[in-house]
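The following note is intended for a colleague who has not yet examined this structure. Please read the numbered points with the sequence and the model at hand.

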Amino acid sequence: MHIHKFEKIWLIFGVATLLVFLSVVGVSAFYLGNQPPSCLATINPEKVDTTAPFDQPGLKKVEGKEWDYELVFVASAFRYNPGEVEVPIGAKVKVLATTKDVVHGFSVAGTNINMMLEPGYISEFTTTFDKTGEFLILCNEYCGAGHHMMTSKIKVVEK
């Protein structure tokens, strides 16, 4: 059977592209540890205000963990609690967030933090803030009429 040279070129290009794609996914998943959230952490959305650590949102220093601080956020009807928080530069922070009402987004502009907050689930993201400044938190999932006003702020400051 004879295959035209252009067909061979496109077949080689297609197979090479597939191999590159699979290699990138493999390196990202296994070497860098990027995996989808497991959704194993759940919470009763009606009892968020009385369940630790969401009963006292904000930044808390922790001991004996792989991270230095826990930053807890609660989303509800067009606002995040806390509205503003200060984080020391260079601190390894685990962000914990949940919502009491509907699906909200949690995107920190200028960073790679981007989570979906669903009622009944706890979203987690661990990061290190390496540069000072103010980082705006935006809801990137349409959640109703006041969606455009749903913001918060993380200020990264010198220790």
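1. Ala52 lies in the loop between α1 and β1 (58–61); helices (H or I, at least four residues) and strands (E, at least two) are DSSP runs, numbered from the N terminus. With a relative accessible area of 58%, Ala52 is exposed. On this scale, buried means under 20% relative accessible area, exposed over 50%, and partly exposed in between (1.4 Å probe, protein chains only). The C-alpha atoms of Ala52 and His147 are separated by 27 Å, and the two residues are 95 residues apart along the chain.

2. On the basis of the coordinates: this is a predicted model, in which local features need pLDDT of at least 70 and side-chain atom pairs count only at pLDDT 80 or more, while totals for chains, interfaces and linings use all residues. Residues are numbered from 1 along each chain as its sequence is written, and side-chain values use heavy atoms, with hydrogens and water left out.

3. On the overall fold: the protein has one helix and 10 strands. Read from the N terminus, the order of elements is α-β-β-β-β-β-β-β-β-β-β. Contacts between residues 24 or more positions apart make up 60% of the contacts with a separation of 6 or more, a contact being heavy atoms within 4.5 Å.

4. On overall dimensions: the C-alpha trace spans about 70 × 40 × 30 Å along its principal axes. The radius of gyration is 21 Å, whereas a compact globule of 159 residues would have a value near 15 Å. That radius is taken over C-alpha atoms, and the globule rule is 2.2 Å times the number of residues to the power 0.38. Of the 159 residues, 33% count as buried.

5. On the surface: the protein exposes about 10200 Å², of which carbon and sulfur atoms supply 58%. Accessible areas come from the Shrake-Rupley method with a 1.4 Å probe, and for residues only the protein chains shown count as cover. Which residues make the nonpolar surface patch of about 510 Å²? Phe6, Ile9, Trp10 and Phe13 do so, and Ile9 is placed in helix α1 (residues 5–31). Patches are made of residues with over 30% relative accessible area and no salt bridge; like charges are joined within 9 Å, and nonpolar side chains (Val, Leu, Ile, Met, Phe, Trp, Tyr) within 5 Å.

6. On Ser123: this residue is found in strand β8 (residues 123–128). Is Ser123 buried or exposed? Its relative accessibility is 12%, so Ser123 counts as buried. A polar atom of the Ser123 side chain lies 2.9 Å from the backbone oxygen of Met116. A polar contact is a pair of N or O atoms within 3.5 Å; within protein, one must be able to donate a hydrogen and the other to accept it, and residues adjacent in sequence count only if both atoms are side-chain atoms. Neighbours within four places in sequence aside, Ser123 is in contact with Val95, Leu96, Ala97, Met115, Met116 and Leu117.

7. On Ser152: strand β10 (residues 151–157) holds this residue. Ser152 counts as buried because its relative accessibility is 3%. Its side chain reaches the backbone oxygen of Gly83 at 2.8 Å. Beyond neighbours within four places in sequence, the contacts of Ser152 include Phe73, Tyr80, Pro82 and Glu84, as well as Phe135, Leu136 and Ile137.

8. On charged pairs: side chains of opposite charge can pair when their charged atoms come close. The whole structure holds five salt bridges, each defined as a side-chain nitrogen of Lys or Arg within 4 Å of a carboxyl oxygen of Asp or Glu. One of them joins Glu84 and Lys155 at 3.2 Å, N to O. Glu84 lies in strand β4 (residues 84–88) and Lys155 in strand β10, so this pair ties together parts that are 71 residues apart in sequence. Glu84 is partly exposed at 42% relative accessibility, and Lys155 is partly exposed at 21%.

9. On the linked bridges: Lys153 forms a salt bridge with Glu134, the closest N and O atoms being 3.5 Å apart. Because Lys153 lies in strand β10 and Glu134 in strand β9 (residues 133–138), the pair ties together parts that are 19 residues apart in sequence. Lys155 and Glu134 also meet in a salt bridge, at 3.8 Å, N to O. Glu84, Glu134, Lys153 and Lys155 are thus linked in a network of salt bridges.
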